[in-house]
Amino acid sequence: MPNKSSASHRKKIAAAALAIAFSLSCLPPDAWAQGDEAAVLEPISVIGARHKVRSVTDTAVPIDIIDSEELTNQGASDISNALRALIPSYNVSAQPISDEATFVRPVSMRGLGSDQMLVFVNGKRRHRSAVITFLGNGVSDGSQGPDVSVIPAIALKRVEVLRDSASAQYGSDAIAGVLNFVLKDRPEGGVVEAQWGQTYEGDGAEYRTAANVGFPVTKKGFVNVSAEWRQADPTVRSVQRDNAAALIKGPNPGEGNPDVEQPFAQIWGNPDVSKDLKTFVNFGLDVDEKTTAYAFANYATREAEEGYFFRNPNTRVGVYVQEGGKKRLFLPDLDTLIPSSSTTLGKLYKDTNATTYETELIKAAANCATGIGKARVSENEYFDRADADVVDEKGCYSFNERYPGGFRPKFTGDITDVAGTVGFRGSLASGMTYDFGYTHGQSEIDFFLRDTVNASLGEESPNQFYLGTYTQTEQTMNIDFADTFDIPGAAPLHAAFGFEWREEEFKITEGEKKSWEKGPYTALGAGVGTNGFSGFSPKVAGQWSRTNVAMYTDFEMDVTKDWTLALMGRWEDFEDFAATTDFKLASLYQADKDFALRGSISSGFRVPTIGQENLLKIQTQIDDVTKLLSQVGVLPVTCVEAINKGAKELEPEQSLTFSGGVVVDAKDVSMTVDYFNIKVDDRIGLSADKKIIKGDDCLSANPDVKTFKFLGNGFDTRTQGVDIIVKIDVSEPLSRSFQFLANGKTELVLAANWTETEITSYDTELDDDDKTVGSFIDAGRLIQLEQALPKTRFNLTLSHDQGKWKGYTRLNYFGAYTETHLDASDLLIEAGSEVTLDVEVTRAVTDALELSAGAENIFNNFPDLNPYAGIAGAKYPESSPMGLSGGFYYARVRYSF
């Protein structure tokens, strides 16, 4: 899809810049002069409030503050898992055998997709991951969100969670809320820690070392450096597939192929993660009394590998057997001489005489099968070494010779993430504060596949391939101002305004030729491209970019001493979409010193990413009817195949959010209860599988691909729920009952969420007579969107700090959910609710040295068993919100200085 830069859009950028310049010109002449009473403004001290610091119980919208100790005192080495244990409305699962989604797992907050949540670092927008999730358990299918796993927990001072729509404040994507990762800024001291752990099953060992250290920069600044290195071994939660078990019992039990025997033909579990390095640097320096320079940057890299579906040597179409699965696929040598001719098949192929070549190729292939009694396929017929010898004598080849017992491709992602921000913030002589910053971020992932073939190349196919690269690059520049104005006879008016410019670019780099090449055996039905995940051809590769500009304003005022009102608005214009204006109205009423009411109403939006608009890929999935593997295309809406099925250019999602809640803030008890209702129209998601009916455009080089899907604004949803946070200081009653707990602090925290999503409408597909012949989403996708996540989740944590001893016990509840196993609408798993218990104890050996030991899921609980395990070998539901690994125990040593 070409870029749509235009002169009119450049004029809009210039007009927005002139508006900012005009605002600055209206300041008094001495506004830039230095004074004695300037105060430097923190960019966002608490997310959602631009002008001053507030406590989380003194805000008109729900905000959570998670400090560094809560994040680092856990067994979870991935920050997404740590946040899942602390934020009930935050969901992330293991994502086994999910293509790119296994490497960058999609997260969900308040039941919405991973790209409907905005992520900040130090108050600055974080770039998206290069990964577009097409196997995201329905909720995040087709989403492209940020990769929070590249952020090391040891680098964080705190995490701020704004659980409310914030598009009117921060722009596109902030429909579900905002996560702001605030970096440590200490100018001295540090901490070094090492942790080891593994599952109760004896696999999944994790090794992690991390360090954070601060250095002074003169007497007015700091540099704070953090680094983490991690390695995680894979886990296996599989049973033997029925068809693989039959192979093992047969006369030819996986000859030369360990995948069938050691230990399972199909592996479900966590991927193998290596070379996982995460670094962050945070810098600040007071240039003068009114100005602070700041900068922060990160570099992260990791490599992860997952196993794909098992390829059965009797049934895998396009590799072992022909279309329909009734005859084996034999590939004549291209040096074969055509009868009554001096021409070989290879010469005929090179001369591009397609019709004659295909005719002679099919004849030669039929001759290959002569005399082979097992040319026809059934579960009880095996292609053995004697058969292979006969085929060889005839100058033919079968992939049963290379992988006689079947094969399981191994998919690898090599991820690199780098970003940097520089800026200045300070105050003017008038008291107005400002923040000017520039951010550049990039996410890149290289894809590799081994233990597989490009069947269309025949015997010349290699076994490992470089498939290509996705790259997401973003630049953001913003300038923000805030001030407080005295209003005669009224409370002061807090005001903020600003301007933002952003550019994003998505690039697909071509893979090696043999990963996508259409070889000489395509006419026989041999699959084109690497089996499992096709490499990126020149037709797929490309580079696309877009810019947008935005202006916002923000007002807040105490109407009375007990009633606060806030009004926010944002205008934003993307070069390929019409401009949008969004608003937010929020209110906080302090009924008395311990009780308050709050609420908000806001509009929001999310613009489709340029990656979503342009990506084309071919993936392997289980056919909904036959339960056999099949090749499926994921097409951009510009492809003829998609247009013939009603695809239209993507448009922005639109949202309307209502929220209301109560706040209790007494001596030893604080509680917030907040209801939310989020309506999203024109929500972007993957269509149901579509059959190619006419036209041949994007899939012309892949005749083995018979079905496809595409992204579209195909449905509307309403998501509603309740968040409950209760904190109780129980130190005094416990110390009275248990004397040994005296002089310590004990806190009980309940964090609970109930969320329900309903699809209110979805698009239908009409024929030429306007009769309904299909719908954008099918029954399976409806179930995924409404039931894939548990409606109820809560964590109950009891923590105690006795000085030299401290620890916690956390009860985790995961409600019931429904899985469409293997994305098949007739393989429904009605999984029940589950409870796990986490425990950690820490002993301070000295003032500097701490030793910790703990266990997550200490009673080694697992999800319900999968009733369809024999089909693909998954012992448990693959999308289980509690994970698949079971209990995990660990030990940690930490040294502070």
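The legends below describe close-up views of a predicted model.

**View 1. The disulfide of Cys368 and Cys396**. This is a close-up of one pair in a structure that holds two disulfides. The pair links distant parts of the chain, 28 residues apart. Cys368 belongs to helix α7 (residues 354-369), and Cys396 to strand β14 (residues 396-397). The sulfur atoms of Cys368 and Cys396 are 1.8 Å apart. The link is left-handed, with -70° about the S-S bond. Cys368 has a relative accessibility of 0% and so counts as buried. Cys396 is also buried, at 7% relative accessible area.

**View 2. The disulfide of Cys639 and Cys698**. Here the sulfur atoms are 1.9 Å apart, and the link is left-handed with -90° about the S-S bond. Cys639 sits in the loop between β24 (629-635) and α10 (640-643), while Cys698 sits in the loop between β27 (690-691) and β28 (707-729), so the disulfide ties together parts that are 59 residues apart in sequence. Cys639 is buried, at 0% relative accessibility. Cys698 has 14% relative accessibility; because buried means under 20%, Cys698 counts as buried. With the bonded cysteines of the protein chain numbered in sequence order, the pairing reads 1-2, 3-4.

**View 3. A nonpolar patch on the surface**. The patch is formed by Trp196, Tyr200, Tyr207, Trp229, Leu277, Tyr299, Val418 and Tyr889. Together these residues have about 680 Å² of accessible area.

**View 4. Tyr889 of the nonpolar patch**. Tyr889 lies in strand β38, which covers residues 888-896. With 32% relative accessibility, Tyr889 counts as partly exposed.

Technical notes
Residues numbered from 1 in each chain as written. Predicted model: local features only at pLDDT ≥ 70, side-chain atom pairs only at ≥ 80, totals over all residues. Heavy atoms only, no water. Patch = residues over 30% accessible without salt bridge, like charges linked within 9 Å, V, L, I, M, F, W, Y side chains within 5 Å. Areas by Shrake-Rupley, 256 points an atom, 1.4 Å probe, with all protein chains shown as cover. Salt bridge = Lys/Arg side-chain N within 4 Å of Asp/Glu carboxyl O. Helix = DSSP H or I, 4+ residues; strand = E, 2+ residues; numbered from the N terminus. Buried < 20%, exposed > 50% of the residue type's maximum accessible area, 1.4 Å probe, protein only. Disulfide = S-S within 2.5 Å.
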